[in-house]
Amino acid sequence: MGVVAKQSILNTFITYFGFAFGAANTLFLFTNILGEEEYGVVSYLLASSNLLWPLLAFGLPNTLIKFYNTYTNKIASDRFFSWLLLVPLVLVVVVSLLYTFFYEQLMARYTHTNPIVKPYLWIVIVLGCASAYFELFYAWAKVHLQTVKGNLIKELFNRIAITILLVLVYFKYITPNQFIYSLTIVFLVRTLLMKWIAFGIKRHKFSLQKIENVRAIAIYSALILISATVSVFLLDLDKVMIESLAPPISNVAKYSICVYMASVIGVPVRAMLQITNPLTAQLLAKKEINALNELNKKSSITALMATVWVGLVVVCNAYSIFELVPPNYELYIEIVFLIGIVKLFDASLGITNAILFNSDSYKWILFFGVAILGLAYVFNHIFIPVEGIVGAAFATFLAYTLYNIAKLLFVFFKFKIHPFSIQILLIIGIAVVIWFVFFYWYIPNLDPILSVLIKGSLITLIYFSIIYLLKLSPEVNNTFKKFVLKRK
């Protein structure tokens, strides 16, 4: 478990640094340096490539993690990865041919709507291809339990590069048009760096000889692709339905900024999964259920501990944070609470999702996803007309709660394991007490940034002191002791 705790902590810090750069770019630099049209083009290209690359990757990063350990020698594993590397290239060729054949129709579509986008449409394919191969090389690092360097490149490299490019635009060293092409180069360089890191961990010899389990691999990849599509719809369904059921369109922006604040709470889970996902695949391949159960419980404690801390800092400072946001945005604290609870529930699951994705029961994740997507649609139709955007948050909360309960029950009855322990209850109890103390404590006539720093520091000190004294996590205590010894 030491490797999980160490890499999870490092990945969490890296992810938050990346988030800080992303927030600075999105909220301040893009809006003040690029014009609205140029910023719109960049947003459109990035959003379009984010939709394209999962199709080009075809679920293969997850496929690599699931099946890699079933190949018992390097020759077989190299052949397996070689075939995976070939698939996105074939799909890119197909997409490029379609783009060429339907070029005139695409140009005609954008002539009357957004003609400024027309010269850059081909960039979507390049960005999608670069991202697909990046994820494949990153998955190669994950299966060898080396995630920190890849996470550093994924979360920080492109965001820092964007910051530098925007500064160059500000000082007129490059034009906005050159910024867009430079951004494309950044994504290509990021992929090459990830390849260098991945093959530095373990060399790969390209070979296209016959491999085993082709049918199982193809079926799994297709189902993961469909499951990922369902997840995208589940994430954005509420925003789409707000537009139609709770006009005006400004409500979508108000809802999005509250959800964005709450989404910060879930970063530790995202960081931990980088290492627990391949570990889970290894334990499942070896059928080590007892070790799987131990990893499930310890990862649940570690993830929830970190997520609760971030949640307390965010929620208890919500009103101060919103003083920094333009006055036309309104804080809906109910939305932050509801989505925040969803993130806490996700953290408490431990490796439940990884077990489902990497076991022979992976088909059920698709069934659960489609069922919950249907329920989410019904819930939004019921609650948005009555409660507005708060109703959308409640619908999302209800759908995800049922989704998580279904996954927990399935893993429990299938494998006879669950992530919960007495430490989980103690962490929740500590969180409730600290929340009661700090949420209603208002510091009058104080700069909001200073208020956040004071309350955040006090929450951090009190929370981790209690965690340390109660010895709720040996990993946290050992990390603290090592840090103190090094300082001495």
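## An enclosed helix

Helix H3, residues 60–67, has 7 of its 8 residues buried, so the rest of the structure largely encloses this helix. Its buried residues are Leu60, Pro61, Thr63, Leu64, Ile65, Lys66 and Phe67. The model described here is predicted, and the values below are computed from its atoms.

## The chain as a whole

The protein chain has 20 helices and 0 strands. Of its 488 residues, 49% are buried. Among the contacts in the chain with a separation of 6 or more, 83% join residues that stand 24 or more positions apart.

## Two buried positions

Thr280 is placed in helix H11, which covers residues 267–285. The relative accessibility of Thr280 is 0%, and Thr280 therefore counts as buried, since buried means under 20%. Which residues does Thr280 contact, once its neighbours within four places in sequence are left aside? They are Leu292, Leu295, Ile351, Ala354 and Ile355.

Val117 belongs to a loop, the one between helix H5 (103–112) and H6. With a relative accessible area of 5%, Val117 is buried. Val117 and Val41 are 76 residues apart along the chain, yet their C-alpha atoms are separated by 6.1 Å.

## Aromatic pairs

A pair of aromatic rings is described by two quantities, the distance of the centres and the angle of the planes. The structure holds 26 aromatic pairs. In one of them, the rings of Tyr170 and Phe171 have centres 5.1 Å apart and planes at 85 degrees, so this pair is edge-to-face; the cut-off for that class is over 60 degrees. Tyr170 is exposed, at 54% relative accessibility. Phe171 is exposed as well, with a relative accessible area of 54%.

Another pair is formed by Phe379 and Phe383, whose ring centres are 6.4 Å apart. Because their planes are at 50 degrees, the pair is tilted. Both residues lie in helix H16 (residues 363–387), where they are 4 residues apart, about one turn of the helix. Is Phe379 buried or exposed? At 13% relative accessibility, Phe379 counts as buried, while Phe383, at 22%, counts as partly exposed.

## A ring cluster and charges over rings

Ring pairs also link several residues into a cluster. The members are Tyr68, Phe81, Tyr133, Phe137, Trp140 and Phe199.

Charged side chains lie over the faces of some rings. Lys142 lies over the face of Tyr138, at 4.6 Å from the ring centre. Arg190 lies over the face of Phe134, and here the distance from the ring centre is 4.1 Å.

## The second largest cavity

A search of the whole structure finds 2 cavities of 30 Å³ or more. The second largest cavity holds about 30 Å³ of space. Its lining consists of Val42, Leu45, Ile123, Leu127, Ile180, Leu183 and Thr184. Three elements give two or more residues each to this lining: helix H2 (36–57), helix H6 (121–143) and helix H8 (176–201).

Which helix gives the most to the lining of the second largest cavity? H8 does, with 3 residues. By class, 6 of the lining residues are nonpolar and 1 is polar, and there are no charged residues.

## The second largest pocket

The second largest pocket has a volume of about 460 Å³. There are 21 residues in its lining, and those nearest its centre are Val308, Ile341, Leu344, Ala431 and Val432. The elements that give two or more residues to the lining of this pocket are helix H12 (289–316), helix H14 (333–348) and helix H18 (422–439).

How many of the residues that line the second largest pocket are nonpolar? The lining has 18 nonpolar residues, together with 3 polar and no charged residues. The linings of the second largest cavity and the second largest pocket thus both have no charged residues.

Notes:
Residues numbered from 1 in each chain as written. Predicted model: local features only at pLDDT ≥ 70, side-chain atom pairs only at ≥ 80, totals over all residues. Heavy atoms only, no water. Phe/Tyr/Trp six-rings, centres within 6.5 Å; stacked < 30°, edge-to-face > 60°. Buried < 20%, exposed > 50% of the residue type's maximum accessible area, 1.4 Å probe, protein only. Lys NZ or Arg CZ within 6 Å of the ring centre and 35° of its normal. 1 Å grid on protein atoms, 1.4 Å probe; cavity = no way out; pocket = protein on both sides within 12 Å on 5 of 7 lines; lining within 4 Å. Points joined across faces, edges and corners; volume = space filled by probe spheres on them. Nonpolar A, V, L, I, M, F, W, Y, C, P; charged D, E, K, R; others polar. Contact = heavy atoms within 4.5 Å.
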